[in-house]
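This report covers the ligand site first and the overall fold afterwards.

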Amino acid sequence: MDDFALHPTFALASPGEVPLGAREVHVWAVPLHGEPGALAALLSAKERERAARFRFADHQRRYQIGHGALRTILGGYLGVPPTAVEFTQGPRGKPYVAGAGPFFNLSHSGKLALVALAGSEVGIDVEKVRHLESLTAIAQRHFSPTEFAALDALPEAGRQLAFYRCWTRKEAYIKALGLGLAMPLDTFDVSLGERPEFLACRGGGERAADWVLLDVSPGPEFVAAAALRGSVPELRCFRLPLA
Ligand SMILES: CC(C)(COP(=O)(O)OP(=O)(O)OC[C@H]1O[C@@H](n2cnc3c(N)ncnc32)[C@H](O)[C@@H]1OP(=O)(O)O)[C@@H](O)C(=O)NCCC(=O)NCCS
């Protein structure tokens with residue numbers, strides 16, 4: 001059983017029964033609690049080595065569940081067994097399906113992983129909401145001046161949600177680009193309000209108009225966003241029938 005309530009928009013489905021439409025982005029929720037069971041056996045030798053390197057057993061279990069589920073999901077779309085899915089990496093470590101396959105991205109926080117799939121570059125970020133004493137200092141360091149000013153102008157009660165919206169939208173974009181920490185975070189602005197918007201992009205050859213930001217709502221404890229290159233897609237959310 002889930003030990004958090006997943007939003008009912010995440011429909012129970014089996015990978016392989018929901019083909020990815022040309023104008024769709026699919027997001028799969030994978031609860032990371034419990035034991036990995038058969039999912040651990042799906043990992044490659046390299047993934048097993050990585051799992052064995054985690055110091056805490058709980059982190060190891062979450063990795064096994066997350067990556068076993070990722071293989072199950074991708075195998076469903078590709079029409080191959082989970083163990084036959086092969087990965088390649090971008091220059092800064094972003095994983096891709098080797099050969100022809102959908103673009104995907106994985107994010108995890110606490111006991112939840114989200115996997116986004118699309119026909120173009122996609123990034124996803126999920127954060128478990130927790131009280132941050134140093135929220136203002138973190139925002140000052142990571143947000144653009146425009147974003148920080150928007151946060152600072154909000155009443156205290158609205159700041160936490162706005163902070164997490166901004167964080168996950170920015171992170172989803174840098175994950176879509178695959179640049180990780182090499183991406184200067186003050187070179188683009190996203191909205192902090194209910195409506196996800198890519199407001200501006202300075203330099204780097206990207207245009208805000210070429211990107212779409214989407215809010216993903218896995219449940220009350222989490223804030224999540226996806227970013228993808230292209231026009232506004234239909235977002236469809238699923239969950240795996242895991243025990
Ligand atoms: C990997 C990275 C891109 C995201 O890390 P994170 O937020 O800790 O973790 P997430 O759970 O969202 O994503 C991790 C997954 O992204 C994928 N990933 C790895 N490198 C990636 C890259 N360069 N680009 C996109 N995705 C990447 C992997 O599937 C990884 O899963 P794994 O570690 O289980 O293999 C990290 O290098 C990074 O750049 N973080 C930026 C942090 C930051 O300053 N954010 C500020 C936002 S305001």
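## Polar contacts of the ligand

The backbone of L106 takes part in binding geometry here: one of its polar atoms lies 3.3 Å from an oxygen atom of the ligand. The model is a predicted one, and the distances below are computed from it.

Two side chains also place an N or O atom beside a ligand oxygen. For R50 the separation is 2.8 Å, and for D125 the corresponding value is 3.2 Å. With the protein present, 79% of the ligand's accessible area is covered, out of the 910 Å² that the ligand has on its own.

## The pocket and its shell

The ligand takes up the space of the largest pocket. Two elements each give two or more residues to the shell around the ligand, namely β5 (103-109) and α5 (156-177). Of these, α5 gives the most, with 5 residues.

In total, 21 residues surround the ligand, and those that come nearest are R50, H67, S107, E171 and K175. By residue class, the shell holds 6 nonpolar, 8 polar and 7 charged residues.

## Overall fold

How many helices and strands does the protein have? There are 5 helices and 12 strands. The radius of gyration is 18 Å, close to the 18 Å that the globule rule gives for 243 residues, so the protein is as compact as a globular protein of that length.

Measures along the principal axes complete the picture: the C-alpha trace spans about 50 × 35 × 35 Å.

Note on methods. Residues numbered from 1 in each chain as written. Predicted model: local features only at pLDDT ≥ 70, side-chain atom pairs only at ≥ 80, totals over all residues. Heavy atoms only, no water. Near = heavy atom within 4 Å. Polar contact = N/O pair within 3.5 Å; in protein donor to acceptor, adjacent residues only side chain to side chain. Areas by Shrake-Rupley, 256 points an atom, 1.4 Å probe, with all protein chains shown as cover. 1 Å grid on protein atoms, 1.4 Å probe; cavity = no way out; pocket = protein on both sides within 12 Å on 5 of 7 lines; lining within 4 Å. Sits in = over half its atoms within 2 Å of the grid points. Helix = DSSP H or I, 4+ residues; strand = E, 2+ residues; numbered from the N terminus. Nonpolar A, V, L, I, M, F, W, Y, C, P; charged D, E, K, R; others polar. Rg over C-alpha atoms; globule rule 2.2 N^0.38 Å.
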